[in-house]
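Good morning, everyone. I would like to take a few minutes to walk through one part of a model with you, so please have a look at the sequence and the structure before I begin.

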Amino acid sequence: MNEYSFDWSDVAFSNKKSIQNLKLIFILASREMSETRLKQLIREYLPQGNILMGISKEDYVYGFEDQPQFKMLKVGRIQKIINQVNASKSQNKIYVIRYFHNEEQYIVEKLKVVSVVAIRGSWKGSFHLNPLFFLLSRSNVPYQLVSPFASELEAKVYAENVQNIITFDTPKIINTESEVMRVVGSVARLSFDHTFQTGAVLTRSSGKKYGVLLQTYNKVVPYQSYAMHHGASREVNFSPPNDLNHYDTVHAEVEMLIEAQKGMIDLNGCTL
């Protein structure tokens, strides 16, 4: 640790006055982002005050473990840029704090940050259903939801690259319904929807065995990282839980029907 680096486990039970006096703009622990995007954020917020950069102790967005599209940003990726800023003549500096996901609201409350910046796609579910949102609302702390990408092109390229590395083997013949459902769960993990992921598997049974014909998932449209870049419609419209009036994906079942028609698959006698 150095003068610009904190760990919430150390700060939580210590005197916080010196940190509170920094009047920090808190960038919440973020999903991974490029150096280009980080530099954009620094240019925007550093002139306004000191930045507190959150770094998650979890490797993935909490609730989306081991999914490459929900990988969290680590300090090693950004330390060089932070060091350069802090070694410069800038009056404002960048501080780093490491913490676990469920400690976020306590950091905001106890360190008395002046504002919060949240990087879209860095939490599971809608931000306005998060306990942190209610804390910000009660305490009148201003907040912004911003993109993890530097541009539309970067968002599209990121989605394509990640989709190319998400792979799993699906057996052509499956013996039990419970095994089919395990495949459904694996397929669902291809979705970039950070509210919930849904998978679908089309099978044709032969005796007590199931032959796999197709597998699909709820795909974010028009491209997988669109909601992360532009904002999920549920969050933009403050949609309540389970409200399907604001939806960012094609349903897995609809995607299945489309793919079945493309492949000219006869759905008679099939099981979804």
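What you see here is a predicted model, and I will start from a pairing of strands. Strand 2, which covers residues 25-27, is joined to strand 3 by 3 bridges, and the two run parallel. Within that pairing, Phe-26 stands opposite Leu-52 of strand 3. If we follow the chain, strand 2, helix 3 (residues 35-45) and strand 3 together form a β-α-β unit that is right-handed.

On to the next pairing: strand 3 also pairs with strand 4, residues 94-99, again in the parallel sense, over 6 bridges. The route between them passes through helix 4 (residues 75-87), and this β-α-β crossover is right-handed. Here Leu-52 has Tyr-95 of strand 4 as its bridge partner.

Now, how many of the residues of strand 3 are buried? For this strand, residues 51-56, the count is 6 of 6. Ile-51, Met-53 and Ile-55 point one way, while Leu-52, Gly-54 and Ser-56 point the other way, and all of these are buried.

Let me stay with Leu-52, whose contacts, leaving aside residues up to four places away in sequence, include Phe-6, Phe-26, Tyr-95, Ile-97, Ile-107 and Leu-111. In the largest nonpolar core, which has 50 residues, the ones with the most contacts inside it are Phe-26, Leu-52, Ile-97 and Leu-111. Apart from that core lies another, of 21 residues, including Met-33, Val-85, Ile-94 and Val-117.

Conventions. Residues numbered from 1 in each chain as written. Predicted model: local features only at pLDDT ≥ 70, side-chain atom pairs only at ≥ 80, totals over all residues. Heavy atoms only, no water. Buried < 20%, exposed > 50% of the residue type's maximum accessible area, 1.4 Å probe, protein only. Helix = DSSP H or I, 4+ residues; strand = E, 2+ residues; numbered from the N terminus. Pairing = 2+ DSSP bridges. Right-handed = clockwise from strand over helix to strand, strands pointing away. Core = buried A, V, L, I, M, F, W, Y, C linked by side-chain atoms within 4.5 Å. Contact = heavy atoms within 4.5 Å.
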